[in-house]
Amino acid sequence: MPFDVRCPSCKAKMRFEDDELPKRGDPIDCPKCNTTFPTPSSSAFEEKKADEPKEKGKAKEKEKEKEKRKPKTVEAEPRTFFNHWLLLLICGGLMSILIVTLSVTWAIVAKAAKAEDMVACVPDNYNVIRGVNLKTLRNYPGVQSNGDKFFDAEAQGVFDEAAKKVGVSKGDLAYYVCAREAGTANVLYLFGTTAHFAPSDLGDGQPVNLSRGVIATAPVRNLIVAASGPKAQATLTTAAGNARVKPRDGTHTKLGNTGKLATRGQIWSVFRAEGALKGWGARGAEAMKEDGSLSKLREATGKASVIATWVSFGSGGVRVGAGMELAESKEAGDLVNDMKKGPLGKADESEPPNGFKKAIQSISNVSQTGAFWQYLEYRSQGSCAYIISKIEDPEKYGSVINEFINPNRGAGPTGGLGAWPGG
C-alpha cells in the first residue's frame, strides 16, 4: 500500500510505494525544491511497516469470509431408477401382499362357521350339545381320530348326501355340531363349511328329505342343518329359523360363561340340567360322599345348570378343561377358593390324598394320572367355576383325554344318560 510524505519547505507531496519506503533517519530529497529532510522518526513509516502484516492478515481473513459466504456448488449425483421408483414399487408390492394376506385370512375366518352361531340354532329342549372344530384339528393329523369319534357313520352319511346336493366336500367341512334331546331319539346335526353355496340347492330353509329318516335344509350360505327322530320336522323348522335370525335368547345364551369357555376348545361337550338330564349332576356327585372335604364340590355339582368339558390340541401338548355354571359369580369364586384350600390345593402334595382318589375313581380314571394333577389349576370366570390342566404326552395319557371327550357321556345310542356322571 503506497505512503505519502510532504516536504517541510515547499509542501510538495511525495508518494513512496511499499518497496520504496526509506528506513528511519535516511534523508529524503524533495524533487521540487531540492530540500533534504530526514525520514520522520516515530513515524508513520514505522507504523506503516508494523501495520502492514496486520493489514495483509485482515485482507486474507476478509477474503476467507467472502469465500465462506459464497454458496458451495456441489455436483449432484445422477438419479438412478432405484432411488425413487424402485423403492416405491417395493413398498407398494409389500403393502399389496399384506393387504391380500389379510383379506384372504378375513375371508376364511368370515366364511368359517362359528360355534356360537351354530349353537344358537339348537332348539331349547335339546340338552346335550357337542362340537368339533374340524378345520383346526386338520393341523394335527395325529389327533384327528379324536374328532372322528363324534363324526360317526350316521353323521358322515347325512353330511355326504346333503353336501352332494349343494356341491361341497368333506374338505370344506369346518365345524360339526351334534345336539341331542337326552332320553329320546331326536338328533340335530349342524355342518358349517368354509365354502359358500346356494341355500336354494338344499331347501333354503325348507325341509328336503334325505335317506336314513333324516330331513335337511341349508338356511344360510355356509350352514347345513339336518334332523332325525320323531320330532325331526319341528326341530328342523326351529333350527332353520334360528340360523337366519340368530336370536339373542337362543340356546347359546342359556349356556352362560361355561358354554363360552367350552366352545373355545377344539372338541367340547355341554350338558344342560334340563329334561331327562334334570338332576344328572347330583347323581354323579353322590360318588364324592366318601370324602368329606368335597362337600362344597358335591353341593355345587348338584346345583349346576350347565356342566361342560373341552379339549384343545397344540404343539405344547393337550389342554383339557371342565366347568360348571352356578347361580352367581360369588358361588363360583367360593367353590374355587374352597378347592384351592382343600386336598388338591396343597402345594406340598404331588398327588391327591387317597380319599379323594377313591371318590374320583368311581367316576373317572383321571385320578391315576400324575401328569393331570401336576398342571391342575382352579379358576372362575363369572358364574363358571372350572379346572384346566395340560397333558404333554397325549399318546401316554390318551385315557385322560378320553375322559374329557367321551362321546358316550350323556348321550348313549338313543340319547340316553350314557356314562358319567350317574351312568
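Colleague: How far does helix α7 (residues 232-245) reach from its first C-alpha to its last?

Modeller: Bear in mind that this is a predicted model, where local features need pLDDT of at least 70, side-chain atom pairs count only at pLDDT 80 or more, and totals for chains, interfaces and linings use all residues. Residues are numbered from 1 along each chain as its sequence is written, and side-chain values use heavy atoms, with hydrogens and water left out. Helices are DSSP runs of H or I with at least four residues, strands are E runs with at least two, and both are numbered from the N terminus. The expected span is 1.5 Å times one less than the number of residues, which gives 20 Å for the 14 residues of α7, and its reach is close to that, at 20 Å.

Colleague: What arc around the axis do the buried residues of α7 cover?

Modeller: Buried means under 20% relative accessible area, exposed over 50%, and partly exposed in between (1.4 Å probe, protein chains only). In α7, A232, T235, L236, A239, A240, N242 and A243 are buried. Judged by directions from the helix axis to the C-beta atoms, they sit on the same side of α7, because their arc is only 165°.

Colleague: And which residues are exposed on the other side of α7?

Modeller: The buried residues of α7 pack against β7 (187-193), β9 and β10. Over on the other side of α7, the exposed ones are A234 and V245.

Colleague: How many of the 7 residues of strand β9 (residues 214-220) are buried?

Modeller: α7's buried residues pack against β9, among other strands. β9 itself is largely enclosed by the rest of the structure, because its buried residues number 6.

Colleague: Which residue is the bridge partner of I215 in β10?

Modeller: Two strands pair if DSSP finds at least two bridges between them. β9 is antiparallel to strand β8 (residues 208-209), with 2 bridges, and N209 stands opposite I215 there. β9 also pairs with strand β10 (residues 223-228) in the antiparallel sense over 5 bridges. In β10, I215 is matched with A227.

Colleague: Which residue takes a positive phi in the hairpin of β8 and β9?

Modeller: The hairpin of β9 and β10 has 2 residues between its strands. The one of β8 and β9 has 4, and the residue with a positive phi, near 65°, is R212.

Colleague: How far apart are the ring centres of Y176 and F191?

Modeller: Rings of Phe, Tyr and Trp (its six-membered ring) pair if their centres lie within 6.5 Å; planes under 30 degrees apart count as stacked, over 60 as edge-to-face and the rest as tilted. The structure holds 4 aromatic pairs. Y176 and F191 are stacked because their planes meet at 20°, with the centres separated by 5.6 Å.

Colleague: Which residues form the aromatic cluster?

Modeller: Y176 and F191 are both buried. Y189 and F191 are also stacked, since their planes are at 5° and their centres 6.2 Å apart. The cluster is made up of F159, Y176, Y189 and F191.

Colleague: Is Q266 buried or exposed?

Modeller: Q266 lies in the loop between α9 (256-262) and β11 (267-272). Counting contact as heavy atoms within 4.5 Å, and skipping residues up to four places away in sequence, Q266 touches several residues, including G131, Y140 and F313. Its relative accessibility is 9%, so Q266 counts as buried.

Colleague: What pLDDT does the protein chain average?

Modeller: pLDDT is the predictor's confidence in each residue, from 0 to 100. It stays under 50 over residues 69-78, where the model has 0 contacts beyond four places in sequence. In the protein chain, 65% of the residues score at least 70, and the average is 76.
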